Amino acid sequence: MEAQQNSISRFMEQRDARFYIPVYQRNYDWKEEQCKQLLKDILAAGKNEKIDSHFIGSIVFIQMNLITSSPQLTIIDGQQRLTTLTLFIAAIVKLAKENNRSDLANKLTDRFLINDESDEDEKLKLKPIKKDDLSLRFALGLHHSEINEYSRVIENFNYFYSNVNANEIDIAYRGFQKLIFIEIALDKLKDDPQKIFQSLNSTGLDLSQADLIRNYILMDREPKEQEYIYTKYWVVIENNTTEKISKSNRMSDFIRDFLTFKFSNIPNQNKVFEIFREKFSFELMEDLELLLIELKEYSRYYKYLINPDLETNETIKLNLKLIKKLQINVSYPFILQVYKAYSDGLIDASVFIKTLEIVQSFVWRRFIAGLATNALNKIFMDLYKSTDINDFVNSLYISLIKKTSTQRFPNNDEIIKELDSKDMYNIQPKNRTYFLERLENYGQRIQIQIDGNDEISIEHIFPRNPVKEWKENLNDGYEIFLKLVHTAPNLTLSAFNSELSNSVFCTKRDLTEKGYKDSPLRIDKLLAEFDEWNLPNYNIRKDWITKRFFEIWKYPDIVIEDTDGFDEKNILDFEPSEVIYKSIDYFIFFDEKYENKNWTDLLSITSKLMFELEPEQFLNTDLGNKLKLTSDPLILLRPLKISNTYFIESNLGSKDIVKRVQCILEQCEKDDELILKIRNY
């Protein structure tokens, strides 16, 4: 194996070289976002005379020992960037031809795209896998028939062609010539390409998002600055974001939460570094230090979220433990800001505690009502901004109860209805334990540990496998109890579940030192008063649980007036006629909030993103017909470009735009991804 630094230009212009992409490689699948970053880097390098080079990674290849003077290179790793750079050059060639620069077009073609071979099949310097070969020939102008299927090759070629201006041709080429990479040449006789390929594609040694951010912050700095930053800030943040018991580091999650509330946008877990790099640049050391001071402060609060036992206030500690037990991690961007307000003295401990209780009430009521959890991240993303620091609790309640549809705060009537029939046993163990533990311990000075306590388990009062005496005792009620066996009123806690087993109620109640009468658990006290377990007593216990539920997971007794009459809700919950003569206040799509947008913007943003993610839904279903999808914009009244190749009709009113957006989301099964708030003109 030989590794050396080389320029892409020198590598790709090797005379008569052919770069083979082996069949075991995946299809070419770079998306627009990667092409956008590459083009940005190329143009930046081309414009800045102080930049001598720009590193783009590595290319690993085997030089085949063929009886020919032409280098034949099999690409083991790096085919995505090599293919993309070929498309970039092809786009520059097309632009050069259209701007009367044939000399440059011919030079680039001869150097980087085409070999002077008599055999037509051997002309291309890059030989992609079969699926991409025809598309590449089409992009290079060697195949003139229309390509009927969707192709990333053509799409990305069109992206470069559409996003380089005529006056940027020389800049783009100059930037391309500055690209450097690590060239790794394998010796087929000495190296094992398969092992190397597996190693290169292993996920075991992938850098975390936090690692990438650390390198971004430190890499280009002087050694003394690196040591200063690392010691004063990075190590502290790293320690604060480490779970003390598991020793697992959560810094990537922490920075994601920080970016979420900072910019009202929730980064994908594998895009945290990209968003961080996009939002922050550090030409001055002072700018970097200001950010690190802020990150260090918020990491101190994050430490308590993942390590509640470190919090000294016992009631805050208890609520943080409960939130962690429920795994309400999506609330962290909100709680971090509330923690800072508490730390700064803007709210006192009682308000902070009440806020943590409201978070639990909101999330737990939504769980009981069966509402989707994926709506929560959007809710907590901007929740702090909707509160009034001088009336924090009431303003928080108002903000939550104003939410409708899939974002709603379920009221008491909805909870009563759900508790009648909801299976509270066959749910996630953490939720089941949380529910019964809160019923047992809420408001009590001495807390009984349920979670992790092997001596206490869940007991079915009417058992899952009842003995025959149950049927004799209940008569007609027996069949009803078979349906109610997993509901909340039929569940309790016991240290003697195996002894109570499937026995009839009186035996369970009166068993010496082990029955309900002798139980030290508060949740069993009402059972000790019953003569039998029947439907009337079941309903009495249901009333007790419901009353206790409302004490623990409160719903606010607040009457609100909506000043504009419109609430934010899922776009699928709108009747299209509702939006006539209305404008968009804002909408949230894939966790990003869009403000100051019109109806055409809504159609444009949703269709572009969904086409990027799932083009086959537009091309292979009836959705394309509904949107009038075409590659010929001239047949549309007002064409809207949704990719580098395709257009849809946008000469529409608000009602028809909402219909089309609903069709897109339903076809792509992204039902809960777009929240819309409208207003009067």
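Helices here are DSSP runs of at least four residues, numbered from the N terminus. With that numbering, Asn 265 turns up in the loop between α11 (251-263) and α12 (272-279). The model is a predicted one, and this loop is a handy place to start looking at it. Asn 265 has a relative accessible area of 17%, and since buried means under 20%, Asn 265 counts as buried. Leaving aside residues up to four places away in sequence, Asn 265 touches Leu 259, Thr 260, Met 381, Phe 590, Asp 591 and Glu 592.

Ser 264 sits in that loop between α11 and α12 too, and its backbone is worth a look. Most residues other than glycine have a negative phi. Ser 264, though not a glycine, has a positive phi of about 50 degrees. At a relative accessible area of 10%, Ser 264 is buried. Asn 596 is another non-glycine residue with a positive phi, this one about 55 degrees. Asn 596 belongs to the loop between β11 (592-595) and α26 (599-613), and with 72% relative accessibility it is exposed.

On to the aromatic rings. The structure holds 54 aromatic pairs. One of them joins Phe 481 and Tyr 538 edge-to-face, with 5.7 Å centre to centre and 90 degrees between the planes. Phe 481 is part of helix α22 (residues 477-484) and Tyr 538 part of helix α25 (residues 535-552), so the pair ties together parts that are 57 residues apart in sequence. Both partners are tucked away from solvent: Phe 481 is buried at a relative accessible area of 0%, and Tyr 538 is buried at 3%. The two rings also belong to one aromatic cluster, formed by Phe 462, Trp 470, Tyr 478, Phe 481, Phe 505, Tyr 516, Phe 530, Trp 533 and Tyr 538.

Charges over rings show up as well. The charged end of Arg 18 sits over the ring of Tyr 20, 5.2 Å from the ring centre. Likewise, Arg 432 places its charged end over the ring of Tyr 425, at 4.8 Å from the centre.

As for empty space, the second largest pocket holds about 560 Å³. Its lining is made up of 22 residues, with Leu 318, Lys 321, Leu 322, Arg 438 and Gln 447 lying nearest the centre. Two or more lining residues come from each of α14 (314-326) and α20 (429-441), and α14 gives the largest share, eight residues. By class, this pocket lining splits into four nonpolar, eight polar and 10 charged residues.

A search of the whole structure also finds four cavities of 30 Å³ or more. The largest cavity has a volume of about 60 Å³, and two or more of its lining residues come from each of α3 (79-98) and α4 (102-113). Among the residues lining the largest cavity are Met 12, Phe 19, Leu 82, Thr 86, Phe 112 and Lys 125. That lining counts nine nonpolar, one polar and one charged residues.

The second largest cavity comes in at about 50 Å³. Its lining consists of Lys 354, Glu 357, Ile 358, Ser 361, Tyr 397, Arg 438, Tyr 442, Ile 552 and Lys 554, and helix α16 (residues 349-368) supplies the largest share, four residues. Here the classes are four nonpolar, one polar and four charged. Arg 438 is thus named twice: among the residues nearest the centre of the second largest pocket and in the lining of the second largest cavity.

Definitions and conventions:
Residues are numbered from 1 along each chain as its sequence is written. This is a predicted model: local features need pLDDT of at least 70, side-chain atom pairs count only at pLDDT 80 or more; totals for chains, interfaces and linings use all residues. Side-chain values use heavy atoms; hydrogens and water are left out. Rings of Phe, Tyr and Trp (its six-membered ring) pair if their centres lie within 6.5 Å; planes under 30 degrees apart count as stacked, over 60 as edge-to-face and the rest as tilted. Buried means under 20% relative accessible area, exposed over 50%, partly exposed in between (1.4 Å probe, protein chains only). A charge sits over a ring if NZ of Lys or CZ of Arg is within 6 Å of the ring centre and within 35 degrees of the ring normal. On a 1 Å grid over the protein atoms alone, a cavity is a set of points where a 1.4 Å probe fits but cannot get out, and a pocket is an open set with protein on both sides within 12 Å along at least five of seven lines; lining residues have an atom within 4 Å of a point. Grid points are joined across faces, edges and corners, and a volume is the space filled by probe spheres set on the points. Ala, Val, Leu, Ile, Met, Phe, Trp, Tyr, Cys and Pro count as nonpolar, Asp, Glu, Lys and Arg as charged, and the others, Gly among them, as polar. Contact means heavy atoms within 4.5 Å.
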